[in-house]
Amino acid sequence: MHKDRVAILVGSKGRGSNLGALIAASTESDYPAQITLVVSPVSESAAVDRAKAAGIPVAVCSPKSPGYAEELLAFLDKDAVDWICLAGLMTKLPESVVDAYSGRILNIHPALLPKFGGKGMYGHHVHEAVIAAKEPVTGCTVHVVTAEYDEGQIVLQASCPVSSDDTAETIALKVLELEHQMYPAALRKVVERGV
Ligand code: GRF
(Lines give C-alpha, C1' and ligand atoms only; values in the text may rest on other atoms or scores of the structure.)
Protein backbone atom coordinates (compact mmCIF):
# COMPACT_ATOMS: atom_id res chain seq x y z
CA MET A 1 0.00 0.00 0.00
CA HIS A 2 1.31 3.46 -0.89
CA LYS A 3 1.75 5.69 2.14
CA ASP A 4 2.20 9.46 1.96
CA ARG A 5 5.35 10.77 3.64
CA VAL A 6 4.88 12.95 6.73
CA ALA A 7 7.26 15.12 8.77
CA ILE A 8 6.32 15.90 12.35
CA LEU A 9 7.64 19.16 13.81
CA VAL A 10 7.83 18.94 17.60
CA GLY A 11 8.47 21.73 20.10
CA SER A 12 11.38 22.57 22.35
CA LYS A 13 9.56 21.19 25.40
CA GLY A 14 9.25 18.05 23.30
CA ARG A 15 6.82 15.94 25.30
CA GLY A 16 5.83 14.30 22.03
CA SER A 17 2.60 12.60 23.04
CA ASN A 18 0.88 13.53 19.76
CA LEU A 19 3.97 12.34 17.92
CA GLY A 20 3.53 9.04 19.76
CA ALA A 21 -0.13 8.81 18.72
CA LEU A 22 0.74 9.53 15.08
CA ILE A 23 3.57 6.99 15.10
CA ALA A 24 1.25 4.35 16.58
CA ALA A 25 -1.44 5.01 13.95
CA SER A 26 1.07 5.00 11.09
CA THR A 27 2.28 1.52 11.96
CA GLU A 28 -1.18 0.10 11.19
CA SER A 29 -1.10 -1.56 7.78
CA ASP A 30 -4.18 0.28 6.45
CA TYR A 31 -3.06 3.73 7.62
CA PRO A 32 -2.35 5.88 4.53
CA ALA A 33 0.65 7.81 5.92
CA GLN A 34 4.10 7.04 7.27
CA ILE A 35 6.18 9.27 9.55
CA THR A 36 9.47 9.65 7.71
CA LEU A 37 11.04 12.58 9.56
CA VAL A 38 10.84 14.31 12.94
CA VAL A 39 12.18 17.87 13.19
CA SER A 40 13.04 19.11 16.67
CA PRO A 41 14.49 22.42 17.91
CA VAL A 42 16.55 20.51 20.49
CA SER A 43 18.65 17.36 20.23
CA GLU A 44 17.37 15.82 23.46
CA SER A 45 13.74 15.52 24.54
CA ALA A 46 11.07 12.91 25.16
CA ALA A 47 9.83 13.50 21.60
CA VAL A 48 13.31 12.86 20.17
CA ASP A 49 13.52 9.66 22.25
CA ARG A 50 10.15 8.50 20.89
CA ALA A 51 11.25 9.15 17.31
CA LYS A 52 14.53 7.30 17.78
CA ALA A 53 12.81 4.36 19.46
CA ALA A 54 10.56 4.08 16.39
CA GLY A 55 13.56 4.27 14.04
CA ILE A 56 12.50 7.63 12.58
CA PRO A 57 15.29 10.04 11.54
CA VAL A 58 15.46 13.23 13.60
CA ALA A 59 16.63 16.56 12.16
CA VAL A 60 17.59 19.20 14.70
CA CYS A 61 16.67 22.65 13.48
CA SER A 62 16.05 25.59 15.81
CA PRO A 63 13.72 28.52 15.07
CA LYS A 64 16.34 30.64 16.86
CA SER A 65 18.97 29.90 14.20
CA PRO A 66 19.34 32.66 11.56
CA GLY A 67 19.13 30.14 8.70
CA TYR A 68 16.07 28.36 10.14
CA ALA A 69 13.74 28.71 7.12
CA GLU A 70 16.34 27.49 4.62
CA GLU A 71 17.53 24.66 6.87
CA LEU A 72 14.01 23.47 7.56
CA LEU A 73 13.02 23.61 3.88
CA ALA A 74 16.16 21.67 2.95
CA PHE A 75 15.31 18.87 5.42
CA LEU A 76 11.68 18.69 4.25
CA ASP A 77 12.52 18.79 0.55
CA LYS A 78 15.30 16.21 0.89
CA ASP A 79 12.88 13.82 2.56
CA ALA A 80 10.25 14.54 -0.12
CA VAL A 81 7.50 14.89 2.46
CA ASP A 82 3.89 15.13 1.32
CA TRP A 83 2.55 16.51 4.59
CA ILE A 84 3.82 18.35 7.67
CA CYS A 85 2.19 18.01 11.08
CA LEU A 86 3.01 20.49 13.83
CA ALA A 87 2.84 18.82 17.22
CA GLY A 88 3.87 21.15 20.01
CA LEU A 89 5.83 23.71 17.98
CA MET A 90 5.02 27.06 19.62
CA THR A 91 6.70 29.37 17.10
CA LYS A 92 5.23 30.59 13.82
CA LEU A 93 6.52 28.78 10.74
CA PRO A 94 8.53 30.98 8.35
CA GLU A 95 6.39 32.26 5.47
CA SER A 96 8.63 30.58 2.89
CA VAL A 97 7.88 27.18 4.47
CA VAL A 98 4.12 27.88 4.66
CA ASP A 99 4.18 28.94 0.99
CA ALA A 100 6.22 25.95 -0.17
CA TYR A 101 3.86 23.48 1.56
CA SER A 102 0.67 25.52 1.29
CA GLY A 103 -2.41 23.46 2.21
CA ARG A 104 -0.22 20.54 3.31
CA ILE A 105 0.64 21.66 6.86
CA LEU A 106 -1.58 20.73 9.81
CA ASN A 107 -1.55 21.90 13.41
CA ILE A 108 -3.40 20.71 16.49
CA HIS A 109 -4.76 23.27 18.94
CA PRO A 110 -6.15 22.42 22.39
CA ALA A 111 -9.45 24.32 22.04
CA LEU A 112 -12.43 24.66 19.74
CA LEU A 113 -11.17 27.24 17.24
CA PRO A 114 -11.94 29.97 16.31
CA LYS A 115 -12.43 30.44 20.06
CA PHE A 116 -9.33 30.58 22.27
CA GLY A 117 -6.76 30.82 19.49
CA GLY A 118 -4.14 33.34 18.43
CA LYS A 119 -0.89 34.64 19.86
CA GLY A 120 -0.33 33.70 23.51
CA MET A 121 -3.07 31.06 23.46
CA TYR A 122 -1.14 27.89 24.16
CA GLY A 123 -0.90 25.29 26.92
CA HIS A 124 -2.52 26.20 30.24
CA HIS A 125 -3.39 29.73 28.99
CA VAL A 126 -6.01 28.17 26.71
CA HIS A 127 -7.63 26.09 29.44
CA GLU A 128 -7.57 28.97 31.95
CA ALA A 129 -9.34 31.17 29.37
CA VAL A 130 -11.96 28.44 28.83
CA ILE A 131 -12.65 28.33 32.59
CA ALA A 132 -12.74 32.14 32.88
CA ALA A 133 -15.27 32.31 30.04
CA LYS A 134 -17.42 29.64 31.79
CA GLU A 135 -17.53 27.57 28.61
CA PRO A 136 -19.64 24.44 29.05
CA VAL A 137 -17.67 22.62 26.34
CA THR A 138 -14.08 22.62 25.08
CA GLY A 139 -12.03 20.33 22.87
CA CYS A 140 -9.38 20.35 20.20
CA THR A 141 -9.02 21.37 16.57
CA VAL A 142 -6.84 20.20 13.72
CA HIS A 143 -6.51 22.97 11.14
CA VAL A 144 -4.50 23.86 8.08
CA VAL A 145 -1.57 26.15 8.88
CA THR A 146 -1.40 29.61 7.34
CA ALA A 147 0.95 32.50 8.07
CA GLU A 148 -1.24 33.52 11.06
CA TYR A 149 -1.54 31.72 14.43
CA ASP A 150 -4.43 29.22 14.61
CA GLU A 151 -6.13 30.37 11.41
CA GLY A 152 -6.70 28.27 8.32
CA GLN A 153 -9.35 25.75 7.40
CA ILE A 154 -10.58 23.45 10.14
CA VAL A 155 -10.07 19.77 9.29
CA LEU A 156 -11.58 18.12 12.37
CA GLN A 157 -12.76 19.02 15.87
CA ALA A 158 -13.66 16.95 18.91
CA SER A 159 -15.27 18.20 22.10
CA CYS A 160 -15.62 17.31 25.76
CA PRO A 161 -17.71 18.84 28.57
CA VAL A 162 -16.30 21.28 31.11
CA SER A 163 -17.73 20.88 34.60
CA SER A 164 -17.68 23.36 37.48
CA ASP A 165 -14.99 21.40 39.35
CA ASP A 166 -12.65 21.22 36.33
CA THR A 167 -9.27 22.98 36.60
CA ALA A 168 -6.87 23.90 33.80
CA GLU A 169 -5.00 20.68 34.65
CA THR A 170 -8.03 18.37 34.44
CA ILE A 171 -9.18 20.00 31.20
CA ALA A 172 -5.66 19.64 29.76
CA LEU A 173 -5.74 15.90 30.46
CA LYS A 174 -9.18 15.42 28.88
CA VAL A 175 -8.27 17.47 25.82
CA LEU A 176 -4.93 15.71 25.34
CA GLU A 177 -6.70 12.35 25.30
CA LEU A 178 -9.01 13.68 22.57
CA GLU A 179 -6.01 15.01 20.63
CA HIS A 180 -4.45 11.55 20.51
CA GLN A 181 -7.61 10.15 18.89
CA MET A 182 -8.22 13.07 16.60
CA TYR A 183 -4.80 13.94 15.11
CA PRO A 184 -4.35 10.54 13.44
CA ALA A 185 -7.97 10.70 12.22
CA ALA A 186 -7.47 14.20 10.78
CA LEU A 187 -4.26 13.20 8.99
CA ARG A 188 -6.01 10.16 7.54
CA LYS A 189 -8.84 12.41 6.34
CA VAL A 190 -6.61 14.86 4.45
CA VAL A 191 -4.44 12.13 2.94
CA GLU A 192 -7.46 10.17 1.69
CA ARG A 193 -9.81 12.99 0.77
CA GLY A 194 -7.72 16.16 0.60
CA VAL A 195 -8.12 19.29 2.69
C1 GRF B 1 -0.69 19.82 22.58
O2 GRF B 1 -1.46 20.20 23.66
C3 GRF B 1 -1.17 20.51 21.34
O4 GRF B 1 -2.51 20.86 21.38
C5 GRF B 1 -0.33 21.76 21.31
O6 GRF B 1 0.91 21.38 21.82
C7 GRF B 1 0.75 20.28 22.70
C8 GRF B 1 1.74 19.23 22.28
O9 GRF B 1 1.77 18.18 23.20
N10 GRF B 1 -0.26 22.29 19.98
P11 GRF B 1 2.67 16.89 22.91
O12 GRF B 1 4.10 17.36 22.82
O13 GRF B 1 2.19 16.30 21.64
O14 GRF B 1 2.46 16.00 24.07
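Two strands count as paired here if DSSP finds at least two bridges between them. Keep that in mind for the views below, which all come from a predicted model.

**View 1. The sheet, strand by strand.**
Seven strands make up an open sheet, and reading across it you meet them in the order E3-E2-E1-E4-E5-E6-E7. The pairing is mixed. Who sits at the edges? Those are strand E3 (58-60) and strand E7 (154-161), each of which pairs on one side only. Going from one strand to its neighbour, the average turn is 20°, with direction ignored. As a bit of background, strands of a sheet pair through backbone hydrogen bonds, either parallel or antiparallel.

**View 2. Zooming in on E4 and E5.**
Here we pick out one pair from the sheet: strand E4 (residues 83-87) and strand E5 (residues 105-109). The two pair in the parallel sense, over three bridges. If you'd like a spot to start from, find leucine 86, then look for its bridge partner in E5, asparagine 107.

**View 3. Helix H6 lying across the strands.**
Helix H6 spans residues 168-193. Which strands does it lie across? The list is strand E1 (4-10), strand E2 (33-40), E4, E5, strand E6 (137-144) and E7. Against E7, the helix runs at about 155°.

**View 4. H1 beside H2.**
Now for helix H1 (residues 17-26) and helix H2 (residues 46-53), whose axes come within 9 Å and cross at roughly 15°. Angles under 35 degrees count as roughly parallel, and so H1 and H2 are roughly parallel to each other. Their crossing is right-handed. On the H1 side, look for Ser17, Leu19, Gly20 and Ile23; these meet Ala47, Arg50 and Ala51 in H2. Sorted by type, the residues of this contact are four nonpolar, two polar and one charged.

**View 5. H1 again, this time against H6.**
H1 also packs with H6, at an angle of about 45° and with the axes 9 Å apart. That angle makes H1 oblique to H6. The crossing of H1 and H6 is right-handed. From H1 come Ser17, Asn18, Ala21, Leu22 and Ala25, and they meet Leu176, Glu179, His180, Tyr183, Pro184 and Leu187 of H6. This contact of H1 with H6 breaks down into seven nonpolar residues, three polar and one charged.

**View 6. H5 meets H6.**
Helix H5 (residues 124-132) packs against H6 with the axes 9 Å apart, at an angle of about 110°. Angles of 65 to 115 degrees count as roughly perpendicular, so that is the label for H5 and H6. The crossing of H5 and H6 is right-handed. To trace the contact, find His124, His127, Glu128, Val130 and Ile131 on H5, then Ala168, Ile171, Ala172 and Val175 on H6. The residues of the contact of H5 with H6 split into six nonpolar, two polar and one charged.

**View 7. A salt bridge between arginine 5 and aspartate 79.**
Side chains of opposite charge can pair when their charged atoms come close. The model has six salt bridges, and this view shows one of them: the side chains of arginine 5 and aspartate 79 meet at 3.1 Å, N to O. Where along the chain do the two residues sit? Arginine 5 is in strand E1, while aspartate 79 is in the loop between helix H3 (68-78) and E4. The pair links distant parts of the chain, with its residues 74 apart.

**View 8. Two backbone details in loops.**
First stop: leucine 113 and proline 114, which are joined by a cis peptide bond with omega of about 10°. Proline 114 lies in the loop between E5 and H5. Next up is alanine 80, which has a positive phi of about 55° although it is not a glycine. You'll find alanine 80 in the loop between H3 and E4.

Definitions and conventions:
Residues are numbered from 1 along each chain as its sequence is written. This is a predicted model: local features need pLDDT of at least 70, side-chain atom pairs count only at pLDDT 80 or more; totals for chains, interfaces and linings use all residues. Side-chain values use heavy atoms; hydrogens and water are left out. Axes are lines fitted to C-alpha atoms, for helices over the stretch in contact, and angles run from 0 to 180 degrees between N-to-C directions. Helices (H or I, at least four residues) and strands (E, at least two) are DSSP runs, numbered from the N terminus. Angles under 35 degrees count as roughly parallel, over 145 as roughly antiparallel, 65 to 115 as roughly perpendicular and the rest as oblique. A crossing is left-handed if the near helix is turned anticlockwise from the far one by less than a right angle, and right-handed if clockwise. Contact means heavy atoms within 4.5 Å. Ala, Val, Leu, Ile, Met, Phe, Trp, Tyr, Cys and Pro count as nonpolar, Asp, Glu, Lys and Arg as charged, and the others, Gly among them, as polar. A salt bridge is a side-chain nitrogen of Lys or Arg within 4 Å of a carboxyl oxygen of Asp or Glu.
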